[in-house]
2 protein chains.
Amino acid sequence: MPTDATVTTRARAGDELRQAALEQFATFGFAATSLQQIADHAGYSKSSVLYHYASKEALLEAAVGPAIERLEVLVGEFAEGRRSDAARGAFIGRFVDLLLGERLAVHVFVSQGHSLRGIPIIERGNAAIRVLADAICTGATLAEQMRFGVALAGATYALVAGAIFFDDDEMEELVESYTDDDMRVALVDVLTELLIPADGR
Amino acid sequence: MPTDATVTTRARAGDELRQAALEQFATFGFAATSLQQIADHAGYSKSSVLYHYASKEALLEAAVGPAIERLEVLVGEFAEGRRSDAARGAFIGRFVDLLLGERLAVHVFVSQGHSLRGIPIIERGNAAIRVLADAICTGATLAEQMRFGVALAGATYALVAGAIFFDDDEMEELVESYTDDDMRVALVDVLTELLIPADGR
DNA sequence: CGAGAATCTGACCGATCGGACAGAGTCTGA
DNA sequence: TCAGACTCTGTCCGATCGGTCAGATTCTCG
């Protein structure tokens with residue numbers, strides 16, 4: 001029976017490689033990231049990467065899979081019992097939590113989800129987005145659709161890409177002075193304002 | 001002296017290749033698009049591509065350059081005389097026009113601007129975005145920043161990426177039933193609501 | 001017509017890609 | 001102790017990449 005130490009050691013290589021791959025994919029893009037690059041970044045050889053993951057695609061799946069699964073669950077539940085303002089509010093909170101908790105994976109998916117068509121895990125994510133869009137669009141006016149689209153896409157892109165955008169710039173200290181909690185509150189506020197009419201609109 | 005026909009012929013190859021490259025970059029990403037792919041898509045040989053454009057980077061610059069220049073002008077003017085609601089309103093209208101008029105280029109820049117660092121034309125675009133962010137952030141609360149970020153990023157992503165996202169899906173007929181004018185009006189409305197407080201907020 | 005520029009292409013180059021594979025080193029449990 | 005599984009790496013492979021170059025073809029204009 002493996003001890004705690006060996007379990008940690010065992011799981012470490014695969015986890016380290018998965019995390020390194022996620023960072024590289026988010027920074028340089030899937031196509032522009034080589035297995036050698038990932039291996040170097042994690043401190044292993046290219047062969048080791050291919051020992052732990054059968055292919056570059058398998059590595060992508062491991063890197064973004066958990067985030068996609070969270071998205072599927074969230075969208076699935078929303079697609080059923082939407083309509084009430086309370087349900088919308090709950091969805092907004094969980095959506096923002098997903099963005100904050102899976103920044104890198106969300107960034108990879110959002111920025112490259114379109115160009116990575118054909119890869120199963122990406123296809124699943126795209127399908128989830130489609131379900132979400134469907135739930136939003138059916139029976140809604142163009143203005144309402146636009147409000148929803150701008151809100152969700154805006155929150156996603158402003159948070160995820162924006163954070164990375166200014167990562168190694170002189171603005172760093174400004175951006176990093178905000179905690180995740182600050183961001184969460186501000187984001188939830190904006191989304192609530194956009195999606196849950198306080199007055200009779 | 002070249003006739004109209006010859007002028008058309010002369011300019012055509014370069015333009016066709018530029019357009020083909022833009023489409024391929026937007027669809028598959030810069031790194032994942034090969035010169036051979038662009039050549040095939042435009043009906044030329046790979047050598048012809050490199051005859052008209054010195055390198056793959058030069059082709060990217062030709063493809064997204066005009067859109068970046070429009071962005072620079074727009075941001076430059078906004079960064080000076082902002083503050084008034086009228087100025088904001090004018091900015092919103094021109095921003096949406098830019099998005100609608102340069103969909104593909106904007107999509108390339110937005111989705112890959114981060115991973116294509118180091119390429120001069122991309123760096124210029126990133127600098128313009130930074131100027132815009134600066135103009136928004138200085139003296140603004142986090143909530144205001146977030147409102148602006150969500151609005152601009154949301155409009156960009158919802159329109160550009162969203163449009164491409166559903167391009168070859170069963171939703172096509174729904175999305176395409178809206179004209180650019182419809183989209184423009186709806187987008188301007190949402191952005192105005194977010195950025196120009198109608199009531200005393 | 002004919003010289004020269006402009007356009008286009010196929011053949012070719014070194015580099016790098018994702019991946020296969022055999023073997024070295026390490027760890028585990030009987 | 002030792003056989004077998006697990007982990008890791010160096011070497012090698014075919015394919016494809018961006019880019020060079022010489023030559024074929026077409027176009028322009030005196």
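**Reading a two-chain model**

Modeller: In this predicted model, a turn of 180° and a shift of 0.0 Å along the axis lay chain A on chain B, with an RMSD of 0.0 Å.

Biologist: How are the two copies related, given that turn?

Modeller: Such a superposition shows the copies to be related as by a two-fold rotation axis. In chain A, Gly154(A) has the C-alpha nearest this axis, 1.6 Å from it.

Biologist: How many residues of each chain are in contact with the other chain?

Modeller: Residues are counted as in contact when their C-beta atoms lie within 7 Å. Here, 31 residues of chain A are in contact with 31 residues of chain B. Four elements of chain A each give two or more residues to its side: helix 1 (4-28), helix 6 (103-112), helix 8 (142-165) and helix 10 (180-195). Helix 8 of chain A provides the largest share, 16 residues. By class, this side of chain A has 19 nonpolar, nine polar and three charged residues.

Biologist: Why can one say that the copies meet through the same surface?

Modeller: One compares the interface residues of the two chains. Of those in chain A, 100% are also interface residues in chain B, so the copies meet through the same surface.

Biologist: Is helix 6 of chain A mostly covered or mostly open?

Modeller: A residue is called buried if 20 or more other C-beta atoms lie within 10 Å of its own. In helix 6 of chain A, eight of the ten residues are buried, and the helix is mostly covered. The buried residues are Ala105(A), Val106(A), His107(A), Val108(A), Phe109(A), Val110(A), Ser111(A) and Gln112(A).

Conventions
Residues are numbered from 1 along each chain as its sequence is written. Chains are lettered from A and ligands numbered from 1 in the order in which they are written. This is a predicted model: local features need pLDDT of at least 70, side-chain atom pairs count only at pLDDT 80 or more; totals for chains, interfaces and linings use all residues. Two residues are in contact if their C-beta atoms, placed from the backbone, lie within 7 Å. Ala, Val, Leu, Ile, Met, Phe, Trp, Tyr, Cys and Pro count as nonpolar, Asp, Glu, Lys and Arg as charged, and the others, Gly among them, as polar. A residue is buried if 20 or more other C-beta atoms lie within 10 Å of its own, exposed if 12 or fewer, and partly exposed in between; C-beta atoms are placed from the backbone. Copies are superposed by least squares on the C-alpha atoms of residues with pLDDT of at least 70 in both.
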